[in-house]
Amino acid sequence: MEDILEVYALPYDPEIPMVCMDEQPCQLLGEKLEPICMKPGIPAKEDYEYVRNGT
């Protein structure tokens, strides 16, 4: 971890670009069932299930 912080602390150099990679994975989630839209006096309804579309 300390090595990464040292790289981030280096001064800006246009000849050597720095590419930062995030360590947190990001999931692409999709709806399993189509949500039911809101109507006057009735709240929207969504299911808690999802389809995993990758990372």
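This passage describes a nonpolar surface patch, a pocket, a salt bridge and two residue separations in a predicted model.

The surface is a good place to start. Ile4, Leu5, Val7, Tyr8, Leu10 and Met18 together make a nonpolar patch of about 540 Å². Two members of this patch can be placed in the secondary structure: Tyr8 belongs to helix H1, which covers residues 2-8, and Ile4 is found in helix H1 as well. Tyr8 has a relative accessible area of 40% and is therefore partly exposed, since that class lies between the 20% and 50% limits. Ile4, with a relative accessibility of 34%, also counts as partly exposed. Both values satisfy the patch criterion, because membership requires over 30% relative accessible area. As for the path of the chain beyond the helix, Ile4 and Glu15 are eleven residues apart in sequence, and their C-alpha atoms are separated by 19 Å.

Some of these names return in the largest pocket, whose volume is about 180 Å³. What lines this pocket? Its lining consists of Val7, Leu10, Pro11, Tyr12, Asp13, Ile16, Pro17 and Met18. By class, the lining comprises seven nonpolar residues and one charged residue, with no polar ones. Val7, Leu10 and Met18 thus appear both in the surface patch and in the pocket lining.

Attention now turns to charged contacts. How many salt bridges does the structure hold? There is one, and it pairs Glu49 with Lys32, with 3.3 Å between the closest N and O atoms. The two partners are 17 residues apart and link distant parts of the chain, although both Glu49 and Lys32 sit in the loop between strand E1 (29-31) and strand E2 (50-52). Is Glu49 buried, exposed or partly exposed? Its relative accessibility is 34%, so Glu49 counts as partly exposed.

The loop between E1 and E2 also contains Ile36. With a relative accessible area of 52%, Ile36 is classed as exposed, because the limit for that class is over 50%. Ile36 and Asp47 are eleven residues apart along the chain, and 9.2 Å separates their C-alpha atoms.

Note on methods. Residues numbered from 1 in each chain as written. Predicted model: local features only at pLDDT ≥ 70, side-chain atom pairs only at ≥ 80, totals over all residues. Heavy atoms only, no water. Patch = residues over 30% accessible without salt bridge, like charges linked within 9 Å, V, L, I, M, F, W, Y side chains within 5 Å. Areas by Shrake-Rupley, 256 points an atom, 1.4 Å probe, with all protein chains shown as cover. Salt bridge = Lys/Arg side-chain N within 4 Å of Asp/Glu carboxyl O. Helix = DSSP H or I, 4+ residues; strand = E, 2+ residues; numbered from the N terminus. Buried < 20%, exposed > 50% of the residue type's maximum accessible area, 1.4 Å probe, protein only. 1 Å grid on protein atoms, 1.4 Å probe; cavity = no way out; pocket = protein on both sides within 12 Å on 5 of 7 lines; lining within 4 Å. Points joined across faces, edges and corners; volume = space filled by probe spheres on them. Nonpolar A, V, L, I, M, F, W, Y, C, P; charged D, E, K, R; others polar.
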